[in-house]
Amino acid sequence: MSRSDDDHNDSTDIPVVDAVFDEEHNPEAVEAAAASDEEEVEESSEETHTESPPADSGAGTPPATLEGLSPLELVLYPLGGRPFFPGMLTPIHVEGWPYFDTIKAALETPGKLFGIVLSHSENGKEVFDPSQLYRYGTMARVLEAAVDEKENQIKLLAEGLSRFEIVRVVKNDPPLVAQVAHHRPSGQEKSDMESLKPYAMAVINTLKEILKYDSLYQEQVRIFLSRHNFGEPDRLADFVASMTSSSREELQEILETLPIKERLEKVLGLLKKELEMVKVQDKIQKQVESGIAEHQRQFFLREQLKEIQKELGITKDDRTADKDRFRERIEKLTLPEDAANRINEELEKLSILEPNSSEYGVTRNYVDWLTSLPWGVYSKDVLDIKRAREILNRDHDGLDDVKERILEFIAVGKMKGEIGGSIILLVGPPGVGKTSIGRSVADAVGRPFYRFSVGGMRDEAEIKGHRRTYVGAMPGKFLQAIRHTKVANPIIMLDEVDKIGASYHGDPASALLEVLDPEQNVEFLDHYLDVRFDLSKVLFICTANQLDTIPRPLLDRMERIRLSGYITEEKLAIARNHLIPKQLDKNGLTKEDLIIQNSAVVAIIEGYAREAGVRRLEQKISAIARKTAVKLLDGASKPVKVARKQVEELLGKPDFRDEKPMRGIGVVTGLAWTAMGGATLDIEAMLIGKEQNPSITLTGSLGDVMKESARIAHSFILANCRELGGDTDRIAGTIHLHVPEGATPKDGPSAGITMTTALLSLARNKPVSRPLAMTGEITLTGKVLPVGGIREKVIAARRVGIRELILPEACRKDYEETPDYIRDGFTVHFVRRYLEVARLVFSDK
């Protein structure tokens with residue numbers, strides 16, 4: 001729908017027009033002309049009331065008479081824009097329901113009358129809500145109409161006649177119909193026009209002032225004078241109000257003001273505001289036009305906006321604004337002397353550079369970085385052990401030993417009064433909660449947290465920044481983190497520090513040495529900043545899956561906390577308390593929609609998610625939630641219950657089968673550590689041919705260290721076979737030693753005593769007497785050396801049901817540090833030499 005004032009071409013000469021456009025501003029002439037018009041209007045009004053205008057009168061038709069045009073009910077046409085006033089002409093174009101039906105109903109009424117009323121809602125179907133309509137509107141008459149039934153369109157010309165008030169809505173659905181009461185000037189107001197003349201003259205004089213600044217108003221005045229004159233105060237008030245840029249609420253207030261005198265007073269106020277606005281617009285226009293050349297015309301709008309802002313006093317030129325902003329930042333900081341000197345030097349340079357030059361942009365960005373860093377701004381640590389314990393227990397199940405280490409760290413900070421700069425390394429398999437532990441630490445001590453990954457990072461500039469001579473140079477990740485957190489002592493997490501790379505761009509791991517060394521990072525120098533910044537208060541938390549690939553100098557600077565894998569009971573608790581609620585929310589479900597029983601969770605853990613962490617477990621729970629959503633939309637009853645027997649229906653065949661340790665001659669179960677956690681290895685040995693010179697063939701994707709362990713085991717058995725109860729003839733020849741699964745790479749010394757035992761079983765032609773597993777490195781003299789990953793290996797043994805272990809004596813401490821609930825039910829033998837292993841393995845006890 002659209003409507004606009006009709007454009008009339010009328011050359012009738014009216015004395016008031018000359019007065020309005022009179023440059024001499026002769027008020028006597030205006031007053032005389034207005035009085036003359038007033039007398040003419042009174043005469044013409046009497047004549048007009050005696051005859052009705054034709055129904056198809058055009059735009060130049062004089063105003064309609066109001067006699068006999070007071071229907072008790074009107075079809076209502078709601079407006080979403082500005083109010084429509086009596087005396088106005090407007091074209092209206094309507095299309096589709098409900099606008100088409102409303103106008104069509106109006107055309108079918110006697111006199112083609114309808115009511116135009118403003119709605120509180122500016123668009124949408126709410127416009128036709130009776131409760132959204134204002135009480136007062138304007139009765140209008142259709143002068144011309146063109147109806148297109150096929151396209152559901154109507155084009156019409158409407159004329160405003162008089163005000164009305166809605167008494168009661170008769171029909172609430174479009175087309176709306178209401179019972180109305182009409183309001184017209186009273187007889188006393190008509191007879192007392194002389195007293196309104198001063199108000200009318202004030203309005204006319206203000207209008208004359210506006211006409212001097214804005215020629216658009218002149219055309220509107222001419223159209224008004226073609227149908228009315230300035231001797232009609234009520235029409236004058238409505239016309240002047242409609243031509244202002246006032247808000248719809250202010251205009252509606254004018255429409256609802258019935259006394260003419262009060263209406264003129266309100267209109268005069270609106271007109272005064274309009275005059276001030278056009279004066280400012282004219283001033284801005286002149287300033288802009290005088291300040292720009294012909295070839296800068298394309299920047300006209302931007303310059304005009306600047307002039308508006310200057311007029312309001314809210315802007316400055318770019319250089320002054322930049323300097324003021326930087327100095328305002330400096331006042332809030334505690335700058336070291338060298339930083340303050342550097343900033344002052346750069347600000348002086350900034351004041352003499354041309355803002356459009358490239359050097360200005362480089363300098364401005366540099367000062368922006370210098371003043372954006374939180375020099376001397378530190379957050380206050382919350383060193384509450386009880387609160388920290390609650391947060392750690394809330395966010396994580398299990399990991400009791402890790403939590404204790406973190407609480408010890410916070411307790412030391414409490415005793416000292418602050419947590420100084422430290423470097424903590426959380427090492428463990430994927431999915432065990434290293435990153436989330438870091439977030440919990442930040443939450444516990446009340447510091448801002450910033451995380452970024454250094455995995456695959458190959459450029460030293462990512463750590464120490466680019467030099468400013470390069471295009472697009474910027475500081476390194478650490479200063480970016482400081483700027484982001486807005487404090488100089490945040491918690492910064494470096495994820496995947498074991499996967500950091502190196503290239504011809506430099507070695508980021510070496511660059512980290514300065515950052516992570518408490519003795520050096522107190523004066524950390526970023527290449528871009530070129531001013532030393534104190535990182536000694538930052539708490540660094542690094543994460544890694546393994547230690548082997550971390551450079552030794554870097555590793556020495558870190559306090560290591562190892563996170564081992566979870567056992568089934570821990571995974572069940574994590575799923576119940578964290579993973580299931582998270583996936584229900586993520587998939588739009590509630591506890592009333594899906595119930596996953598504990599037996600189902602255990603089945604998922606054992607059959608689909610045997611890794612050390614819980615990522616795979618979360619993925620499978622998410623898959624169940626998605627399939628449940630489909631079932632519910634297909635009409636399944638709530639709640640959908642998932643028990644152990646439904647798991648295979650939803651997730652397919654299990655990815656893992658029950659691991660039963662292999663038994664037999666030459667077959668021994670070992671324990672291994674991988675980046676994914678602990679695992680069991682069934683090592684097999686077989687004599688494949690008798691030869692004069694014994695040899696060994698190795699398969700199973702073994703690494704160099706593991707191959708060396710196999711050769712040591714072979715040599716040790718050949719040298720000590722009879723002492724250990726074996727027959728040399730059974731291993732005199734080519735022995736094939738295989739470690740399943742062949743596609744999985746394996747390395748490390750942990751399988752030394754396991755390989756030796758497999759060869760001894762072959763030499764004695766006797767299998768291991770009972771289910772047990774072992775781990776330990778062997779030497780040529782038969783010593784059993786310690787190995788790592790004891791907790792993960794114990795968990796792997798528990799997973800497959802083995803409860804008897806053989807471990808190196810030097811690993812006793814690691815085993816005893818393993819939580820009691822993991823060690824529960826195990827029989828563990830600690831050995832120093834292989835002879836002890838042989839006695840344990842082949843005895844009946």
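A search of the whole structure, which is a predicted model, finds 30 salt bridges. Three of these pairs are set out below, each with the distance from nitrogen to oxygen and the elements in which the partners lie.

| Pair | N to O distance | Elements | Separation in sequence |
|---|---|---|---|
| Arginine 141 and glutamate 159 | 2.9 Å | strand β5 (residues 133-148) and strand β6 (residues 153-171) | 18 residues |
| Arginine 329 and aspartate 368 | 2.6 Å | helix α11 (residues 318-330) and helix α13 (residues 358-372) | 39 residues |
| Arginine 451 and aspartate 495 | 2.6 Å | strand β9 (residues 449-453) and strand β10 (residues 491-495) | 44 residues |

In the pair formed by arginine 141 and glutamate 159, the side chains meet in a salt bridge at 2.9 Å. Because arginine 141 belongs to strand β5 and glutamate 159 to strand β6, this salt bridge ties together parts of the chain that are 18 residues apart in sequence. Arginine 141 is buried, with a relative accessible area of 8%, and glutamate 159 is likewise buried, at a relative accessible area of 1%.

The salt bridge between the side chains of arginine 329 and aspartate 368 has a nitrogen-to-oxygen distance of 2.6 Å. Here the partners lie in helices: arginine 329 is part of α11 and aspartate 368 is part of α13, so the pair ties together parts that are 39 residues apart. Arginine 329 is partly exposed, its relative accessible area being 23%, whereas aspartate 368 is buried, with a relative accessible area of 13%. The helix that holds aspartate 368, α13, also contains glycine 361, which counts as partly exposed at 28% relative accessibility. Between the C-alpha atom of glycine 361 and that of leucine 350, a residue 11 positions away along the chain, the separation is 9.3 Å.

For arginine 451 and aspartate 495, the side chains meet in a salt bridge at 2.6 Å from nitrogen to oxygen. The pair links distant parts of the chain, since arginine 451 lies in strand β9 and aspartate 495 in strand β10, 44 residues apart. Arginine 451 is partly exposed, with a relative accessible area of 38%, while aspartate 495, at 4% relative accessibility, counts as buried. Elsewhere, salt bridges that share partners join Arg163, Asp238 and Arg263 into one network.

Asp238 also appears among the buried residues of helix α7. In this helix, which spans residues 233-243, 11 of the 11 residues are buried, so α7 is largely enclosed by the rest of the structure. Its buried residues include Pro233, Leu236, Phe239, Val240 and Met243, together with the charged side chains of Asp234 and Arg235.

Two helix pairs give a further view of how elements meet. The axes of helix α26 (residues 752-764) and helix α30 (residues 834-841) come within 11 Å and cross at roughly 55 degrees. With that angle, α26 is oblique to α30, and the crossing of the two helices is right-handed. On the side of α26 the residues in contact are Ile753, Thr756, Thr757 and Leu760, and they meet Tyr834, Val837, Ala838 and Val841 of α30. By class, the contact of α26 with α30 has 6 nonpolar and 2 polar residues, and no charged ones. An α-helix has 3.6 residues a turn, so residues three or four places apart point the same way.

In the other pair, the axes of helix α22 (residues 598-607) and helix α24 (residues 644-651) come within 7 Å and cross at roughly 50 degrees. These helices are therefore oblique to each other, and α22 passes α24 in a right-handed crossing. Ser599, Ala600, Val602, Ala603, Ile604 and Glu606 make the contact from α22, and Arg644, Val647 and Leu651 make it from α24. The residues of this contact divide into 6 nonpolar, 1 polar and 2 charged.

The chain as a whole provides the setting for these details. The protein chain has 30 helices and 25 strands, and of its 845 residues 48% count as buried. Among the contacts in the chain with a separation of 6 or more, 75% are accounted for by residues 24 or more positions apart.

Key
Residues numbered from 1 in each chain as written. Predicted model: local features only at pLDDT ≥ 70, side-chain atom pairs only at ≥ 80, totals over all residues. Heavy atoms only, no water. Salt bridge = Lys/Arg side-chain N within 4 Å of Asp/Glu carboxyl O. Helix = DSSP H or I, 4+ residues; strand = E, 2+ residues; numbered from the N terminus. Buried < 20%, exposed > 50% of the residue type's maximum accessible area, 1.4 Å probe, protein only. Axes fitted to C-alpha atoms, helices over the stretch in contact; angles between N-to-C directions. Parallel < 35°, antiparallel > 145°, perpendicular 65-115°, else oblique. Left-handed = near helix turned anticlockwise from the far one by under 90°. Contact = heavy atoms within 4.5 Å.
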